[in-house]
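I set out to record, entry by entry, what I looked up in this structure. The entries follow the order in which I turned to each part.

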Amino acid sequence: TQVPNITLNTGAAMPQLGFGVFQVPPDQVVEPVVEALRAGYRSIDTAAVYGNEEGVGRAIAESGVAREDLFVTTKVWNDRQGYDSTLAAFDESLARLGLDYVDLYLIHWPAPAQDRYVETWKAMEKLHSEGRAKAIGVSNFQVSHLRRLLDETDVVPAVNQIELHPRLQQEELRAFHAEHGIATEAWSPLGQGKGLLDDATLASLAEKYGRSPAQIVLRWHVQLGNITIPKSVTPSRIRENIQVFDFELSDEDMATLKGLETGVRVGPDPDNFG
Ligand code: NAD
């Protein structure tokens, strides 16, 4: 499967669909990543706090896929925010991944109670200017946090990676991103599986299109223009989740999916976390 790219505000191309490895234990991450690369995924989303960067790096090395054909994302964890500590955390992530650059480096959470995300961003800008982070972005930033970066720093984030799925559609943030040239990346795009994927509306759309509920949800993300990074460790699901570029949901069905919004998060509230 060939995954289309989204052009970031740096001019770089990022695959619209990638592979997430949250909650995949370090000693079990090599196989699913190799499987994903075999299935055609070229973008991998990890984070220092996932504890599996080393395994991701090993899978990349084993896969034989050329580095320039891959898009690797990792993130600085909340306990390393601040200028010097972010620079050090970045070096440690690169060493664990066994790489000399990442394609995207993200501030994992704004952690507003710490009030250090502006100085953290200045370190990100330095890593970007050195070419060791080809693009820099944020994760879980609310409009107020983004506004502060836009007001107080130089580089506009390339990406904001946020919780986004049919039950939490993030219309306000998506509009703000569009206005400022920030790409929207959806985490927990399947709502972490349970619950959302059992929805009756999704079941009937799955039946109608001859696809799985997960494929209907991922296709919805693609048609909204989101970048998305579904996670699975099951080979058949890893393959299934990337088979979403050979069918299209009608406008009417996109409107039906809009009705699934509940505003309920599966993850923490970014204003009160970290
Ligand atoms: P997800 O929405 O991708 O759901 C994954 C779960 O859904 C799987 O564990 C499995 O139970 C189920 N599933 C997957 N494919 C399926 C299929 N085809 N059919 C049926 N069930 C299926 O949830 P996630 O792992 O939380 O999010 C994806 C990625 O986003 C993560 O791996 C991570 O890389 C990233 N993430 C980032 C943050 C952040 O704060 N930036 C937070 C959470 C996740």
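**Entry 1: the ligand and its shell**

I began with the ligand and asked which element gives the most to the shell around it. Helix α9, residues 235-242, does so, with three residues. I then looked up the whole shell and found that 26 residues surround the ligand. The closest are G20, F22, L190, G193 and K231. Sorted by class, the shell holds nine nonpolar, 13 polar and four charged residues.

**Entry 2: confidence**

I noted that this is a predicted model, and I therefore looked up how confident the predictor is. The protein chain has a mean pLDDT of 98, and 100% of its residues reach 70 or more. For the complex, the predictor gives an ipTM of 0.99 and a pTM of 0.99.

**Entry 3: Y50**

I turned to the UniProt record, an unreviewed entry, and found that its annotation "active site" covers Y50. I located Y50 in the loop between β4 and α2. Is Y50 buried or exposed? I counted Y50 as buried, because it has 22 C-beta neighbours inside 10 Å and the cut-off for buried is 20 or more. Leaving out residues up to four places away in sequence, Y50 touches V21 and F22. F22 is also listed among the residues closest to the ligand.

**Entry 4: T46**

I stayed in that part of the chain and looked up T46, which is in the loop between β4 (43-45) and α2 (53-63). T46 counts as buried because it has 28 C-beta neighbours inside 10 Å. Apart from residues up to four places away in sequence, T46 touches V21, N52, E53, V56, T73 and T74. V21 is thus a contact of T46 and a contact of Y50. I also looked up the separation of T46 and R239, which are 193 residues apart along the chain. Their C-alpha atoms are separated by 19 Å.

**Entry 5: H108**

I returned to the unreviewed UniProt entry, where the annotation "binding site" covers H108. Where does H108 lie? I found H108 in the loop between β6 (104-107) and α4 (117-129). H108 is buried, because 22 other C-beta atoms lie within 10 Å. Setting aside residues up to four places away in sequence, H108 touches A47, V49, K75, V76, W77, N78 and S139.

**Entry 6: two residues with positive phi**

I next looked up backbone angles. Most residues other than glycine have a negative phi. A111 has a phi near 45°, a positive value in a residue other than glycine. A111 is in the loop between β6 and α4, and it counts as buried because it has 21 C-beta neighbours inside 10 Å. S188 also has a positive phi near 45°, and S188 is not a glycine either. I located S188 in the loop between β9 and α7. With 23 C-beta neighbours inside 10 Å, S188 counts as buried.

**Entry 7: helix α8**

I then examined helix α8, residues 213-224, which has 12 residues. From its first C-alpha to its last, α8 reaches 17 Å, close to the 16 Å expected at 1.5 Å a residue. How many of the residues of α8 are buried? Nine of the 12 are, and α8 is mostly covered. The buried residues are P213, A214, Q215, I216, V217, L218, R219, W220 and H221. I looked up what covers these buried residues and found that the cover includes β9 (183-187), α7 (200-209), β10 (227-228), α9 and α10 (251-258). Helix α9 appears here as part of that cover and earlier as the element that gives the most to the ligand shell. Just after α8, G225 takes a positive phi of about 90°.

**Entry 8: A206, beside α8**

I closed with A206, which lies in helix α7. A206 counts as partly exposed because it has 18 C-beta neighbours inside 10 Å, and a residue is buried only at 20 or more. Leaving aside neighbours within four places in sequence, A206 is in contact with R211, S212, P213 and I216. P213 and I216 are among the buried residues of α8. I also looked up A206 and V217, which are 11 residues apart in sequence and 9.4 Å apart in space, C-alpha to C-alpha.

Key
Residues numbered from 1 in each chain as written. Predicted model: local features only at pLDDT ≥ 70, side-chain atom pairs only at ≥ 80, totals over all residues. Near = placed C-beta within 6 Å. Helix = DSSP H or I, 4+ residues; strand = E, 2+ residues; numbered from the N terminus. Nonpolar A, V, L, I, M, F, W, Y, C, P; charged D, E, K, R; others polar. UniProt positions renumbered as here; feature names shortened; annotations may be inferred. Contact = placed C-beta atoms within 7 Å. Expected span 1.5 Å × (residues − 1). pLDDT = per-residue confidence, 0-100.
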